[in-house]
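Keep the sequence and the model side by side as you read. The walk goes from strands to metal, then to the pocket and the salt bridges.

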Amino acid sequence: MLGRVNHIAIAVPDLAAATAIYRDTLGARVSQAQALPEHGVTVVFVELPNTKVELLEPLGADSPIAAFLEKNPSGGMHHICYEVEDIIAARDQLKAGGARVLGDGNPKTGAHGKPVLFLHPKDFNGTLVELEQV
Ligand code: CO
């Protein structure tokens, strides 16, 4: 079912400061900040040779990462995103096995314009898992 790691997402309290760490301290290529109001985040992509890191800053009052940052004020790893070929087939197989899909269970359009779903961290070793159809 799983393909490549598409990205690893890190929630950060200060996107400009986090971007500077990756760009200036770590010497990575970083994107412009992109506001995604539908997802309640502003995101910067760190482009690496084999994958991406997404830096996520809360956007709006009911951002889904606000509670995470309350528990982790200096930021932390928020989720890992795996690629799948067929997100509906993957969802149905996982649900049949008892895994919980977050939200209404239907894919949303993710930061890369592709369908995404999130899986409950309690079913995946305490890690929030995102699936992205590529
Ligand atoms: Co993601």
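Four residues form the hairpin that joins E4 to E5. The model is predicted, and this hairpin is a good place to enter it. E4 and E5 pair in the antiparallel sense, over seven bridges. To find the register, look for Val-43, which stands opposite Leu-56 in E5.

E5 also pairs with E1. Here the sense is parallel, and there are five bridges. Ile-8 has Val-53 in E5 as its bridge partner. How much of E5 is buried? Five of its seven residues are, so the rest of the structure largely encloses this strand.

Now move to the metal. A cobalt ion is coordinated by three residues: His-7 through NE2, His-79 through NE2, and Glu-130 through OE. The distances run from 2.0 to 2.1 Å. Along the chain, the donors of the cobalt ion follow the spacing H-x71-H-x50-E. The site thus links distant parts of the chain, with His-7 in strand E1 and Glu-130 in strand E9, 123 residues apart. Both of these residues, His-7 and Glu-130, are buried.

Next comes the largest pocket. Its volume is about 880 Å³. The lining counts 39 residues, and those closest to the pocket centre are Pro-64, His-78, Leu-102, Phe-118 and Leu-128. Which elements give two or more residues to this lining? They are strand E4 (41-47), strand E5 (52-58), helix H2 (66-71), E6, E8 and E9. The two hairpin strands, E4 and E5, are thus on that list. By residue class, the lining of the largest pocket divides into 18 nonpolar, 13 polar and eight charged.

Last, the charged pairs. How many salt bridges does the structure hold? There are four, and three are worth a visit here.

Start with Arg-4 and Glu-83. Their closest N and O atoms are 3.5 Å apart. This salt bridge links distant parts of the chain: Arg-4 sits in the segment before strand E1 (5-11), while Glu-83 belongs to strand E6 (residues 76-84), 79 residues away. Are the two partners buried or exposed? Arg-4 is at 49% relative accessibility, so it counts as partly exposed; the cut-off for exposed is over 50%. Glu-83 has a relative accessible area of 10%, and so it is buried.

Go on to Asp-92 and Arg-91. Their side chains meet in a salt bridge, with N to O at 3.1 Å. Asp-92 counts as partly exposed because its relative accessibility is 39%. Arg-91 is buried, because its relative accessible area is 13% and buried means under 20%.

The third pair is Asp-123 and Arg-100, whose side chains form a salt bridge at 2.9 Å, N to O. Where does each partner lie? Asp-123 is in the loop between strand E8 (115-119) and strand E9 (128-133). Arg-100 is in the loop between helix H3 (87-96) and strand E7 (108-109). The pair therefore ties together parts that are 23 residues apart in sequence. Asp-123, at 29% relative accessibility, counts as partly exposed. Arg-100 is partly exposed as well, at 40%.

Notes. Residues numbered from 1 in each chain as written. Predicted model: local features only at pLDDT ≥ 70, side-chain atom pairs only at ≥ 80, totals over all residues. Heavy atoms only, no water. Buried < 20%, exposed > 50% of the residue type's maximum accessible area, 1.4 Å probe, protein only. Donors = N, O, S within 2.8 Å, 3.2 Å for Na, K, Ca; no water. 1 Å grid on protein atoms, 1.4 Å probe; cavity = no way out; pocket = protein on both sides within 12 Å on 5 of 7 lines; lining within 4 Å. Points joined across faces, edges and corners; volume = space filled by probe spheres on them. Nonpolar A, V, L, I, M, F, W, Y, C, P; charged D, E, K, R; others polar. Pairing = 2+ DSSP bridges.
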